[in-house]
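Take a walk through this fold, from the whole chain down to single ring pairs. Keep the structure open beside the text.

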Amino acid sequence: MSRLGRLRLLGTDWHRVSKARNMQFPWAMSEAVIGGSRLLVRSASPVSSGWWSHAWVRSLTSYLLLPNLLFAMLGQFVYVTRPLINVDYLLLGSVAALLPAPIVTLSYAALLANDAFVSLAPVFHFDLETAVFSLTFGLGHRLVFSSLAILLVTSVSSVAFLSARLSGIRERAVARPGLLVLAALIIALDILGGTSALSRADAARVRINIATSALYKTVGAVRRGLSVAPTAELSKKTPSVSSATGSVRRALTAGLQSRALGAVNVVLVLVESMGHFLDGQGDAVVLAPLLSDSIRDRYEVRIGTVPAHGATTNGEFRELCGVDADYRSARLVDGSGCLPELLRKDGFRTFAVHGYSQTLFDRDQWYSRLGFQQTSFGEELTRLPGVSLCGTTFRGACDADASRIVATELSEAPSGERRFVYWLTLSSHLPLDAAGGAGSTLNCEQSSEARRFADVCTLMRIHRLVAMDVAAIAMNPTLPPTRFVVVGDHAPPFFSRERRAIFSPDSVAFVELVPRGLERRTPTAAHVTSAAGTGGR
């Protein structure tokens with residue numbers, strides 16, 4: 001090969017090599033740029049991210065600030081009874097990096113859900129132990145599909161995933177014992193401040209309840225509920241409490257029996273979520289149909305308040321038996337002293353009417369032990385022709401339809417038969433269904449509270465409708481002399497602090513109608529306002 005040929009061949013080879021190098025360069029450069037960028041990000045992250053890149057800051061944000069600040073903000077608008085800091089999250093954060101990330105996220109969500117459960121139980125007038133053991137009823141009646149439950153699950157899931165992102169648990173495989181130390185310091189501060197049960201102090205040194213452990217409270221509630229032996233429980237005696245039906249019960253236990261009742265029949269209406277308005281006017285507005293001149297011509301009217309605490313079954317045992325109990329302690333109640341049993345022994349036929357399921361809170365089991373001979377619950381009422389459904393979470397027979405059952409039980413009694421009818425209303429159970437107040441004569445302009453809040457107006461309209469129905473029964477010209485007691489079970493469980501502030505937290509309103517012209521006994525246990533001084537027309 002000539003020298004010129006060799007030069008051409010060399011040039012061709014060099015061209016191929018250069019072309020190959022040129023083709024590889026972009027990819028090689030990309031690898032270098034990407035690798036250099038990663039290195040730059042890693043080396044520069046303390047500078048670019050600054051304080052946020054510090055593991056302690058991210059851990060404190062996720063396990064101290066985020067959950068506790070969330071509940072603190074919620075407490076400004078919603079009735080939440082919760083100390084400032086729940087240390088459960090700090091304890092989880094101290095070991096979070098040693099656990100698989102999904103387990104940490106699920107654990108965080110569980111702590112959030114339990115925190116919300118413990119904090120919100122008082123909204124519904126439940127103590128924690130009763131609330132825990134009432135969960136089975138919620139599952140059995142599909143309450144887990146209610147709008148509140150869905151909102152809670154969605155919120156808890158969102159906050160748990162946000163915490164996982166903020167904490168960077170995937171990036172830090174080391175424990176954070178500092179969070180454990182911080183939790184111990186917060187608990188110690190709570191003890192020193194006198195707001196802890198461990199302080200054993202007569203007066204707190206600080207005005208804020210600093211620390212709590214919602215998980216510890218829940219475990220304690222479960223342990224107490226499971227550890228009490230049934231035989232030990234039966235040896236206890238339920239304490240007596242004042243009630244709106246106290247005068248009726250005293251008349252029956254004083255040996256005078258039905259002659260002292262001033263009536264042939266007795267009707268007790270326990271009104272769901274009917275509290276006592278603090279302004280002194282709201283009760284008269286709601287109960288106006290029972291305070292009218294026509295009612296006063298036929299009945300002596302007594303209106304007043306009675307102490308109340310706990311949820312609906314507490315109100316039931318208060319008025320039916322005059323004792324401090326709920327469905328969980330029903331077996332401790334001596335049924336022989338309860339109003340249905342006392343009246344049954346005196347010759348009355350006893351009925352109970354409720355628009356919701358008989359299995360909720362085991363009413364189908366303990367109603368008969370209190371002396372009820374016949375019951376009509378939602379399972380039966382909703383199958384009757386013409387009965388409509390009302391309510392949201394607790395949906396059952398409308399109060400307007402249940403009142404007709406009450407009227408029928410009284411009007412269809414055989415000649416000479418005396419009857420006791422107990423009606424537990426339903427339509428005013430929160431969350432409210434405005435349809436439950438259809439036909440009510442209450443105008444929202446009649447009350448300043450109703451003008452301020454639409455849901456308070458809806459509640460008042462539903463309660464007014466109950467008063468209207470009872471007044472219609474009471475004014476039936478063919479009705480034999482009948483004694484009526486209409487009383488609330490507990491204050492309305494509104495979430496809003498503003499709305500809850502409208503009502504007394506520990507008393508409910510009642511009105512009693514005693515037929516005129518017969519022997520009457522003045523009640524002394526409840527706070528009664530003279531009928532002559534009440535208005536509300």
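**From chain to rings**

The secondary structure of the chain comes to 21 helices and 12 strands. The model is predicted. Of the chain's 537 residues, 49% count as buried. Now take the contacts in the chain with a separation of 6 or more: 77% of them are between residues 24 or more positions apart.

Start with helix 2. It covers residues 55–74, 20 residues in total. From first C-alpha to last, helix 2 reaches 27 Å, close to the expected 28 Å. Where does helix 2 bend? The bend is at threonine 61, and it is about 40°. Thr61 is also one of the buried residues of helix 2. On either side of Thr61 in sequence, the buried set includes Ala55, Arg58 and Ser59, then Ser62, Tyr63 and Leu64. Further along helix 2, Leu66, Pro67, Asn68 and Phe71 are buried as well.

What do these buried residues pack against? Their partners are strand 1 (85–86), helix 3 (88–95), helix 4 (101–120), helix 7 (147–167) and helix 8 (177–192).

The contact with helix 4 can be followed to a pair of rings. The chain has 18 aromatic pairs. In one of them, tyrosine 63 meets tyrosine 108 edge-to-face. The ring centres are 5.9 Å apart, with 65° between the planes. That angle counts as edge-to-face because it is over 60 degrees. Tyrosine 63 belongs to helix 2 and tyrosine 108 to helix 4, so the pair ties together parts 45 residues apart in sequence. Are these two tyrosines buried or exposed? Tyrosine 63 has a relative accessible area of 2%, so it is buried. Tyrosine 108, at 1%, counts as buried too. The cut-off for buried is under 20%.

Other rings form a group. Ring pairs join Phe317, Trp366, Tyr367, Phe372, Phe377, Phe420 and Tyr422 into a cluster. Elsewhere, a charged side chain meets a ring: arginine 500 lies over the face of tyrosine 79, at 4.0 Å from the ring centre.

Finish with the strands. Strand 4 runs through residues 299–307. Is strand 4 mostly covered or mostly open? Mostly covered: seven of its nine residues are buried. Which way does strand 4 pair with strand 11 (residues 507–515)? The pairing is antiparallel, over nine bridges. One bridge sets the register: valine 301 is partnered by leucine 513 of strand 11.

Methods:
Residues are numbered from 1 along each chain as its sequence is written. This is a predicted model: local features need pLDDT of at least 70, side-chain atom pairs count only at pLDDT 80 or more; totals for chains, interfaces and linings use all residues. Side-chain values use heavy atoms; hydrogens and water are left out. Helices (H or I, at least four residues) and strands (E, at least two) are DSSP runs, numbered from the N terminus. The expected span of a helix is 1.5 Å times one less than its number of residues. The bend at a residue is the angle between axes fitted to the seven residues ending there and the seven starting there. Buried means under 20% relative accessible area, exposed over 50%, partly exposed in between (1.4 Å probe, protein chains only). Contact means heavy atoms within 4.5 Å. Two strands pair if DSSP finds at least two bridges between them. Rings of Phe, Tyr and Trp (its six-membered ring) pair if their centres lie within 6.5 Å; planes under 30 degrees apart count as stacked, over 60 as edge-to-face and the rest as tilted. A charge sits over a ring if NZ of Lys or CZ of Arg is within 6 Å of the ring centre and within 35 degrees of the ring normal.
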